[in-house]
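Biologist: Could you take me closely through one part of this model, the surface that meets the nucleic acid, and then set that part in the context of the assembly around it? I would like one connected account rather than a list.

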Protein chains: 2
Amino acid sequence: MEQEVIPAPAAAQKGRPREFCVDKALAEALHVFWSKGYDGASMTDLTEAMGITKPSLYAAFGNKEALFHKALDLYEQEKLEYTRAALEQPTARGVAEYYLRGGVDVHAAEGEPHGCMGLISSLACSPEAESIRADVIRRRASSQHALVERFERARAEGDIPAHIDPEGLTSLLYAILQGITVQADAGASREELERLVDTSLALWPSA
Amino acid sequence: MEQEVIPAPAAAQKGRPREFCVDKALAEALHVFWSKGYDGASMTDLTEAMGITKPSLYAAFGNKEALFHKALDLYEQEKLEYTRAALEQPTARGVAEYYLRGGVDVHAAEGEPHGCMGLISSLACSPEAESIRADVIRRRASSQHALVERFERARAEGDIPAHIDPEGLTSLLYAILQGITVQADAGASREELERLVDTSLALWPSA
DNA sequence: CCTGTTCCATAACGGTCGGTATATAATATG
DNA sequence: CATATTATATACCGACCGTTATGGAACAGG
């Protein structure tokens with residue numbers, strides 16, 4: 001039996017080519033979800049921002065929920081990069097400062113929605129958006145876990161005092177970060193947030 | 001001209017008496033708004049929990065928005081009493097501890113919704129709920145202002161170090177509190193939140 | 001050209017939203 | 001009893017929700 005030839009690998013598009021860029025449309029969808037939250041973003045909001053019709057959206061992304069998960073992937077990848085870079089800072093204080101200043105940069109940036117997309121979409125959500133909420137909480141727990149390990153290492157290295165609980169310190173750092181995004185969403189100025197960060201670092205435990 | 005007699009002062013009810021207790025109905029409405037947020041609470045959710053019909057609700061409370069403002073009044077009065085009591089603590093550390101432990105008590109209480117009603121209702125809201133959001137932000141700013149003054153007094157009294165900015169410290173304490181309510185909403189246990197508070201207090205500046 | 005396939009545009013689906021018109025029931029007053 | 005007033009119950013309003021059926025347009029391969 002003869003082996004079939006491998007079909008065109010790059011783009012064996014058989015039918016009518018789509019008239020929009022999937023990546024650009026997803027970036028627009030991200031912007032809408034970030035501004036309005038999952039429930040607050042209507043399909044009309046999304047299609048108008050993405051410049052496509054509803055059938056095109058459903059064909060390309062599945063449905064609203066699948067679109068959100070993809071947008072959240074993009075958000076984590078592009079906007080939350082600082083949370084991974086922070087872990088590589090040499091000292092625990094450096095980690096905290098990277099986290100907090102990175103959080104202010106991302107969640108109070110000019111020309112972008114203020115606040116945290118995940119928090120906005122998960123704090124209050126309709127029953128049918130429960131999977132959205134669960135996804136956000138799961139991702140947050142994963143990220144938080146990495147920070148706990150980083151602070152445990154810091155304590156072992158004598159980088160933070162022995163009487164400080166790494167899990168408590170992690171919860172605290174996340175709480176401050178969440179507060180920053182909440183206050184950014186409420187319209188706090190960059191100066192206010194930077195003073196918040198400065199004060200946080202002034203209280204940070206010295207080894 | 002003769003003076004008219006004063007009408008029955010207690011309850012000069014002329015028509016059919018209402019069959020429900022306004023205060024109890026409002027308390028049920030508060031519970032629904034606290035659980036689901038302003039946008040997430042539908043009129044059906046509200047009327048079912050309150051045990052009344054929609055026309056009764058509109059006759060007694062105006063509309064959904066007016067009902068929310070009244071529920072928020074009740075919430076502040078009954079649940080946020082700790083924020084006022086905190087200010088009367090003798091030391092800045094006492095104020096902070098009262099704030100944080102009070103926040104955990106209220107926002108992670110058994111048998112009540114977890115999280116902060118104001119935050120849940122204001123973080124992401126539809127365009128027509130913008131007045132809700134503005135109300136929450138205004139009340140928060142007012143409460144925050146009182147805390148700034150308390151910490152300014154504390155610094156003047158040498159209760160907190162001179163190099164600590166009272167406004168920054170206030171923003172920080174609020175951020176931690178907001179983070180507590182966010183994590184409570186996400187399902188954090190009381191033990192986790194208490195460790196967060198313990199760690200916060202461990203870092204609190206000593207005079 | 002013809003067929004198959006994929007995409008786009010329009011319009012519509014059932015369902016829910018906040019809010020209300022209508023009619024009836026229950027009280028006070030005369 | 002008659003009337004005025006207020007509350008209740010039912011049913012409905014237009015608008016919007018997420019989703020999809022339908023029909024035509026744009027491409028590839030034969």
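Modeller: What follows starts at the two DNA strands, moves on to the relation between the chains, and ends with a few single residues.

Please keep in mind throughout that this is a predicted model, and that every distance quoted here is computed from its coordinates.

I begin with DNA strand C, which has 23 residues around it, and of these A:Glu19, B:Met43, B:Lys54, B:Tyr58 and B:Lys64 come nearest. Sorted by class, the surface near this strand holds seven nonpolar, eight polar and eight charged residues. On the DNA side, 69% of the atoms of strand C that lie within 4 Å of the protein belong to sugar or phosphate, while the rest belong to bases. Several individual approaches to phosphate oxygens of strand C can be picked out: a polar side-chain atom of B:Tyr58 lies 2.6 Å from one phosphate oxygen, and an N or O atom in the side chain of B:Lys64 is 2.8 Å from a phosphate oxygen. With B:Ala41 it is the backbone that takes part, since an N or O atom of its main chain lies 3.4 Å from a phosphate oxygen of DNA strand C.

As for the elements behind this surface, helix 3 (54–61) of chain A, helix 2 (43–50) of chain B and helix 3 (54–61) of chain B each supply at least two residues near DNA strand C. Helix 3 of chain B gives the most, with three residues.

Turning to DNA strand D, we find 24 residues around it, and those that come nearest are A:Met43, A:Lys54, A:Tyr58, A:Lys64 and B:Glu19. The class division for this surface is eight nonpolar, eight polar and eight charged residues. Of the strand D atoms within 4 Å of the protein, 66% are part of sugar or phosphate, and the rest are part of bases. The individual approaches to strand D involve several parts of the DNA: a base nitrogen is 3.2 Å from an N or O atom in the side chain of A:Arg16, a sugar or linking oxygen has a backbone N or O atom of A:Lys14 at 3.2 Å, and a phosphate oxygen is 2.8 Å from an N or O atom in the side chain of B:Ser56. Two or more residues of the surface near DNA strand D come from each of helix 2 (43–50) of chain A, helix 3 of chain A and helix 3 of chain B. The largest share, three residues, is that of helix 3 of chain A.

The relation between the protein chains is the next point. A rotation of 180°, with 0.0 Å of shift along its axis, superposes chain A on chain B with an RMSD of 0.0 Å. That is the relation of a two-fold axis. Of the interface residues of chain A, 100% are also interface residues in chain B, so the copies meet through the same surface.

Helix 10 of chain A illustrates how the chains come together. Its 14 residues, 190–203, should span 20 Å at 1.5 Å a residue, and the C-alpha atoms at its ends are 20 Å apart, which agrees. The buried residues of this helix are A:Leu193, A:Leu196, A:Val197, A:Thr199, A:Ser200, A:Leu201 and A:Leu203. These buried residues pack against helix 6 (92–107) and helix 9 (166–185) of chain A, and also against helix 9 (166–185) and helix 10 (190–203) of chain B.

A:Ser122, in helix 7 (residues 117–122) of chain A, also touches the other chain. This serine is buried, because its relative accessible area is 2%, below the 20% cut-off. Setting aside neighbours within four places in sequence, A:Ser122 is in contact with A:Arg133, A:Val136 and B:Asp185.

Finally, I return to helix 2 of chain B, where B:Asp45 lies. With a relative accessible area of 24%, B:Asp45 is partly exposed. Apart from neighbours within four places in sequence, its contacts are B:Val32, B:Lys36 and B:Gly40. The side chains of B:Asp45 and B:Lys36 are joined by a polar contact of 3.3 Å. B:Asp45 and B:Phe33, 12 residues apart in sequence, have their C-alpha atoms 9.4 Å apart.

Key
Residues are numbered from 1 along each chain as its sequence is written. Chains are lettered from A and ligands numbered from 1 in the order in which they are written. This is a predicted model: local features need pLDDT of at least 70, side-chain atom pairs count only at pLDDT 80 or more; totals for chains, interfaces and linings use all residues. Side-chain values use heavy atoms; hydrogens and water are left out. A residue is near a molecule or strand if one of its heavy atoms lies within 4 Å of it. A polar contact is a pair of N or O atoms within 3.5 Å; within protein, one must be able to donate a hydrogen and the other to accept it, and residues adjacent in sequence count only if both atoms are side-chain atoms. Helices (H or I, at least four residues) and strands (E, at least two) are DSSP runs, numbered from the N terminus. Ala, Val, Leu, Ile, Met, Phe, Trp, Tyr, Cys and Pro count as nonpolar, Asp, Glu, Lys and Arg as charged, and the others, Gly among them, as polar. Copies are superposed by least squares on the C-alpha atoms of residues with pLDDT of at least 70 in both. Contact means heavy atoms within 4.5 Å. The expected span of a helix is 1.5 Å times one less than its number of residues. Buried means under 20% relative accessible area, exposed over 50%, partly exposed in between (1.4 Å probe, protein chains only).
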